[in-house]
Amino acid sequence: MKSKPVLSSISMLLAGYISTAQADTVWLNNGDRLTGTVRYLSDGKLGLETTYAGTITVNWNDVSTLASGNPFLVENKRTGENYQVRLSSSDPGYVWVERSEREEKVSVKRIDEFMKAKVRTDALSWTGNIDAGVNLKKASTHNDDYNFSVNSKVSQGKWRHNMGATYNREKENTTVNTHNYSLRYAFDYIMREQYFWQSRMTYKRDWVEDLARQSLIGTGPGYQLWDTELSRFSLSFLAGGFGYGYSDGSNDEHLGASVRWDYERSLLGKSLTLYSNGDVGHSLDEDEIFTLDAEVGLRYTLTSWSSLHIGYHHNLVSGTRDTLNERIFSTGLGIKW
């Protein structure tokens with residue numbers, strides 16, 4: 001039984017259903033045919049991963065139809081309803097939308113966006129980026145600013161490793177206003193579906209502020225809200241210890257808890273990436289220590305290996321002997337892999 005049109009305004013987000021991987025086929029308006037694995041449709045660009053040319057993008061307006069051995073579960077952003085989409089070449093220019101026991105044939109031109117969830121495999125995956133910003137100014141004052149950051153992620157099977165480091169130095173004439181570095185390492189064990197267990201360690205060293213050292217070690221459960229080809233978002237809830245060292249050599253230690261987030265969204269056919277990560281924490285004793293370590297930024301892809309970035313980092317620690325409230329803006333070039 002065919003229903004009346006139910007998708008008057010479609011803006012779809014794949015919510016993660018994939019069966020055994022099979023080749024997808026894309027037919028173009030000029031009669032050409034491409035085979036590979038459809039990864040996403042975003043901002044008018046269809047991403048197709050191939051064995052002969054890597055991941056290529058195709059203008060959605062040039063697509064006649066496409067077929068896949070795997071169904072897609074999509075969400076209508078306007079209504080919040082979920083639909084199963086069956087891509088079939090038997091109806092050029094259309095896909096079948098299935099809801100309960102009813103089906104509707106919908107033009108591919110009415111689909112704005114979809115994406116496939118990432119498949120977890122035993123194959124080793126290593127991604128990362130290095131960003132660098134340098135600002136040298138010589139006028140009435142002489143300014144030397146340096147910002148470097150390294151981020152790397154390794155995943156295999158049920159394990160994920162996240163490593164990173166930063167370095168910041170700002171000097172005006174003979175006065176050093178900022179000089180610090182940070183190191184971090186976290187590993188996740190995926191227990192089932194969207195649930196994982198995370199352990200995290202961070203260390204920060206500062207040569208300017210009275211709060212000269214910060215350290216955190218924590219462990220706790222996490223929840224992956226989604227993880228697709230175009231977007232990911234996870235939350236983790238950690239309990240552990242906070243450690244603080246001061247410029248005179250004294251130290252403080254506290255039990256505490258924190259909530260960490262990790263968000264990334266690709267836009268404009270993966271040419272632009274919006275990201276945000278960080279954590280907010282609080283001590284579990286009477287000292288009422290509050291911490292915020294947050295970063296947000298944009299990264300624009302220049303080539304397959306280079307990018308341009310702009311970012312904002314806020315590090316706040318209150319309740320210790322000396323309140324730290326540091327803000328760093330950075331921009332520059334980077335490489336990725």
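Which residue in strand 21 is the bridge partner of Ser 276? The points below take up this question and some related ones for what is a predicted model.

1. Strand 20 and its second neighbour. The partner of Ser 276 in strand 21 is Val 296. Strand 21 covers residues 290-301, and its pairing with strand 20 is antiparallel, with 11 bridges. The hairpin made by these two strands has 6 residues between them, and Glu 288 in this hairpin has a positive phi near 55 degrees.

2. Strand 20 and its first neighbour. Strand 19, residues 251-267, also pairs with strand 20 in the antiparallel sense, here over 12 bridges. One of the bridge pairs joins Arg 260 to Asp 279 of strand 20. This hairpin has 4 residues between its strands, and Leu 268 in the turn has a positive phi of about 50 degrees.

3. Burial of strand 20. Strand 20 spans residues 272-283, and 9 of its 12 residues are buried, so the rest of the structure largely encloses it. Strand 20 is thus to be read together with its antiparallel partners, strand 19 and strand 21.

4. A further positive phi. Most residues other than glycine have a negative phi. Asn 173, which is not glycine, has a positive phi near 55 degrees. Asn 173 sits in the loop that runs between strand 14 (159-172) and strand 15 (175-192). Its relative accessibility is 39%, so Asn 173 counts as partly exposed.

5. Nonpolar cores. The largest nonpolar core consists of 16 residues, and Val 26, Leu 46, Trp 60, Val 63 and Leu 66 have the most contacts inside it. Two or more residues of this core come from each of strand 2 (24-28), strand 3 (33-42), strand 4 (45-50), strand 6 (63-67) and strand 9 (94-99). Strand 3 contributes the most, with 3 residues. Another core lies apart from this one and has 8 residues, including Leu 216, Phe 242, Tyr 246 and Ile 289.

6. An edge-to-face pair. The count of aromatic pairs is 11. Among them is the pair of Phe 242 and Tyr 244, which is edge-to-face, with 6.5 Å from centre to centre and 70 degrees between the planes. Both rings belong to buried residues: Phe 242 has a relative accessibility of 6%, and Tyr 244 has a relative accessible area of 4%.

7. A tilted pair. For Tyr 312 and Phe 329 the ring centres are 4.8 Å apart and the planes lie at 40 degrees, so this pair is tilted. Tyr 312 belongs to strand 22 (residues 306-318) and Phe 329 to strand 23 (residues 324-336), so the pair ties together parts that are 17 residues apart in sequence. Tyr 312 is partly exposed, with a relative accessible area of 24%, whereas Phe 329 is exposed, at 63%.

8. Other ring arrangements. Trp 159, Tyr 185, Phe 187 and Tyr 189 make up one aromatic cluster. Two arginines lie over ring faces: Arg 160 over Phe 196, at 4.9 Å from the ring centre, and Arg 321 over Tyr 246, at 4.4 Å from the ring centre. Tyr 246 is also among the residues of the 8-residue core.

Key
Residues numbered from 1 in each chain as written. Predicted model: local features only at pLDDT ≥ 70, side-chain atom pairs only at ≥ 80, totals over all residues. Heavy atoms only, no water. Buried < 20%, exposed > 50% of the residue type's maximum accessible area, 1.4 Å probe, protein only. Pairing = 2+ DSSP bridges. Core = buried A, V, L, I, M, F, W, Y, C linked by side-chain atoms within 4.5 Å. Phe/Tyr/Trp six-rings, centres within 6.5 Å; stacked < 30°, edge-to-face > 60°. Lys NZ or Arg CZ within 6 Å of the ring centre and 35° of its normal.
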